[in-house]
Amino acid sequence: MVYLFFSSENTSRLRYVAKHIFNRLLQVDFEIITQKEIFQKQSGICINYSNENLNHGLQIVPQGLLNEKGVRSIKNLEQSVWQGLFYFFKQTQGDIPFDLFSASFYLLTSYEEYYPEKLDSHQRFPLEESLLYRNGVLEIPVIDRWANLLKLELEKRGYDVSVFGERQFRTICTFDIDHPYLYRNKGFIKNTGGLIRDVLQSKFSEVMNRIFVQLHQKTDPYFQTILNIEKYFQQGNRSYYLFILTAGNNQYDRSTIYPVRRFYNYIKSLQLPIIGLHPSYYTLLNNKQLIKEKNKLERILQRKITVNRQHFLRMQLPETFRVLQAAGFQEDFTLTFAQASGFRSGTAVPYFFYDLERDKETSLEIHPTIMMDTTLIHHLKLTPDEAFEKIKKLIDACRQSGGDYVSLWHNSNLAGRPEENPWIDVFIRTSEYA
């Protein structure tokens, strides 16, 4: 048991962050004590989270954020390095040089995303404004590392840290199915236009593939990838996630225009994957459209859909997560940047959304996504070998934390034959490494 002394009666924020640090990361129970006399009688692991030097327990001096209510714009965070690791909310007193609890709360709640200076072209919080990105530590789960350093500091002071456990590392593969088909179910105009384009560009293998697929002589390559994914996971009898886009027919969604019965019947028959919704582009903050698409997918699959990932990773806080919770979702996998891999909220371990404006922990579980294939292929423009090395480092960072390595792949990026598409090999090698 860890005993935390906190003189404020408002303990909701400290309790929220303590759950993550102690329950999830360090695998130990904790108790918050608001009366000094009771705290000083405790003989277990004690942390004095106050400005007062009690000569009892390790002292962390509060910055003040956990005493507040609501959310405000915070500028000019004082930053430094402790034992080689970036930190902020620097404090000159106490046994560690910063307010670890406030810094962790700031990152877990995505506090900075409530007051962006601007939004990107898709109305998302921009990568360039990320505190972790600007300090070059986006690929380090800093909260997880801080928790481990806290454990070491407690051990140095003679506390029995054998009460701490170790969370088990997990690898979670997820797939966004934006396009179930490359050629099928696109309509006469699109298919004819594509055929003419391929002929003019002398892509004769594409021409033949397109014709054979339309004549049902070959399986559509994007759908074949979905079949291959299932075969791969059947080998180890392992689960995975499929996020299905069911609506939208515009430059961002590009959904098929006809009913895709074979695709839906196949998805419905699968036992291994957990099926989630991939809402269309314009569902951002549109609760009615989101519910409509959720109901459609539930009706097709005849099962409840409780897992979500936003298309184009479009999210705004707190509105997006409020809408998802109101729609009946229990888990969300949206949290990552399109342009960079890493730990957007500073951790590799899932946690629950905390609504800062309402000062309340919610029941919506957030799963940080660590790596997206499109990030490496299109935004960072890495070679397959470079991508493999980067992914290995991300996996190692998750494993060190006992966190979850959540990868995001697209069936469209894994289509074709392995000898023609090196990203299939990257997927297999990294999956085996994880």
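Trainee: Which residues of α8 are buried?
Mentor: This model is predicted: local features need pLDDT of at least 70, side-chain atom pairs count only at pLDDT 80 or more, and totals for chains, interfaces and linings use all residues. Residues are numbered from 1 along each chain as its sequence is written, and side-chain values use heavy atoms, leaving out hydrogens and water. Buried means under 20% relative accessible area, exposed over 50%, and partly exposed in between, with a 1.4 Å probe and protein chains only. For α8, the buried residues are Y222, F223, T225, I226, L227, I229, E230, Y232 and F233.

Trainee: What covers the buried residues of α8?
Mentor: Helices (H or I, at least four residues) and strands (E, at least two) are DSSP runs, numbered from the N terminus. Contact means heavy atoms within 4.5 Å. The cover includes β7 (170-177), β8 (240-244), α9 (261-269), β9 (273-277) and α14 (422-433).

Trainee: At the start of α8, which backbone nitrogen does a side-chain oxygen of D220 reach?
Mentor: A polar contact is a pair of N or O atoms within 3.5 Å; within protein, one must be able to donate a hydrogen and the other to accept it, and residues adjacent in sequence count only if both atoms are side-chain atoms. Here the oxygen comes to within 3.1 Å of its partner, the backbone nitrogen of Y222.

Trainee: Which residue caps the N-terminal end of α14?
Mentor: Look at the backbone nitrogen of W423. A side-chain oxygen lies 3.0 Å from that atom, and it belongs to N421.

Trainee: How wide an arc do the buried residues of α14 cover around the axis?
Mentor: The buried residues of α14 are W423, I424, V426, F427, T430 and S431. They sit on the same side of α14, because their arc around the axis, taken from the directions to the C-beta atoms, is only 160 degrees.

Trainee: Which strands stand at the edges of the open sheet?
Mentor: Two strands pair if DSSP finds at least two bridges between them. The four strands run in the order β2-β1-β3-β4, with parallel pairing. Two of them have a single partner strand each, so one side of each lacks a neighbour in the sheet: β2 (30-33) and β4 (58-59).

Trainee: What is the bridge partner of Y3 in β3?
Mentor: Strands β1 (residues 2-5) and β3 (residues 45-48) run parallel, joined by four bridges. In β3, Y3 is partnered by C46.
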